[in-house]
Amino acid sequence: MPARSKVLSLPNTVKADLDARLVSGGFSDYEGLADWLEGQGFQISKSSLGRYGKAFEARLGALRLASEQAKAIVAEMGDDKGDMGEALTAVAQQKTFELLMDLEVDVGDVQYDKLVTAIAKLNATGVQQKKWRSEVLRKVEAAADEVDTMAQAGGLTDETAEAIRAKILGIAA
């Protein structure tokens, strides 16, 4: 197993600043970044920074692409039923799991803890979305039953009442 990257061992504030500098600098000037880190008290080679930067840039690019695709899908198809949210949660769970598998972390690592917390929040979001959808469907079915009863009591034919009920339930389908 390869040695753990020194970049991943940086304190969170320094690593966050390094990440911001990588992005704002267009993932270049690794020598300047190595000098900056040395000034902060950390010895990390420009080649180590380059390896980290290459992987970070690839992840950032993948996230940007996924975000653009999600926006395009929502713009094209809409999101009336919350399907996009469920799909995005599933993709985020998958990507988070892949990231977890790619990282070389100790179980006590702060970044690992944050990732596990993110996974737990994603799972909770998925459960909440399913509960919300189930509750909405229950309310729509109750409203459809009530309208059906009212329509029949008002003298509408069974066929017309059923058509109204199907229309209401079609909204939630």
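**Burial, contacts and core of a predicted helical model**

Q: Is Gly 170 buried, exposed or partly exposed in this predicted model?
A: The relative accessible area of Gly 170 is 47%. Buried would need under 20% and exposed over 50%. Because 47% lies in between, Gly 170 is partly exposed.

Q: In which helix is the place of Gly 170?
A: The helix in question covers residues 158–172. Position 170 lies in that range, and the helix is α6.

Q: What separates the C-alpha atoms of Gly 170 and Val 140?
A: Along the chain, Gly 170 and Val 140 are 30 residues apart. In space, their C-alpha atoms are separated by 9.7 Å.

Q: How many helices and strands does the protein chain have?
A: From the N terminus on, the elements run α-α-α-α-α-α. No strand appears in that order, and the count is six helices and zero strands.

Q: Is Lys 15 buried or exposed?
A: Lys 15 is found in helix α1. Its relative accessible area is 13%. The cut-off for buried is under 20%, so Lys 15 is buried.

Q: Which side chain does a polar contact of 2.9 Å join to that of Lys 15?
A: Not counting residues up to four places away in sequence, Lys 15 touches Val 7, Leu 8, Leu 10 and Tyr 52. The polar contact of 2.9 Å runs between side chains, and the partner of Lys 15 is Tyr 52.

Q: Which residues is Val 7 in contact with, leaving aside its neighbours within four places in sequence?
A: Val 7 is among the residues with the most contacts inside the largest nonpolar core. Lys 15, which is buried, is one of its contacts. The full set is Lys 15, Leu 18, Ile 44, Leu 49 and Tyr 52.

Q: Which element gives the largest share of the largest nonpolar core?
A: This core has 16 residues, and those with the most contacts inside it include Leu 18, Leu 37 and Leu 49. Two or more residues come from each of α1 (12–24), α2 (30–39) and α3 (46–77). The largest share is five residues, and it comes from α2.

Q: What percentage of the contacts with a separation of 6 or more is between residues 24 or more positions apart?
A: The count takes in contacts in the protein chain with a separation of 6 or more. Residues 24 or more positions apart account for 57%.

Q: What share of the exposed area do carbon and sulfur atoms supply?
A: Buried residues make up 20% of the 173 residues in the protein chain. The chain exposes about 11,700 Å², and the share from carbon and sulfur atoms is 59%.

Conventions
Residues are numbered from 1 along each chain as its sequence is written. This is a predicted model: local features need pLDDT of at least 70, side-chain atom pairs count only at pLDDT 80 or more; totals for chains, interfaces and linings use all residues. Side-chain values use heavy atoms; hydrogens and water are left out. A nonpolar core is a set of buried Ala, Val, Leu, Ile, Met, Phe, Trp, Tyr and Cys residues joined through side-chain atoms within 4.5 Å. Buried means under 20% relative accessible area, exposed over 50%, partly exposed in between (1.4 Å probe, protein chains only). Helices (H or I, at least four residues) and strands (E, at least two) are DSSP runs, numbered from the N terminus. Contact means heavy atoms within 4.5 Å. Accessible areas come from the Shrake-Rupley method with a 1.4 Å probe; for residues, only the protein chains shown count as cover. A polar contact is a pair of N or O atoms within 3.5 Å; within protein, one must be able to donate a hydrogen and the other to accept it, and residues adjacent in sequence count only if both atoms are side-chain atoms.
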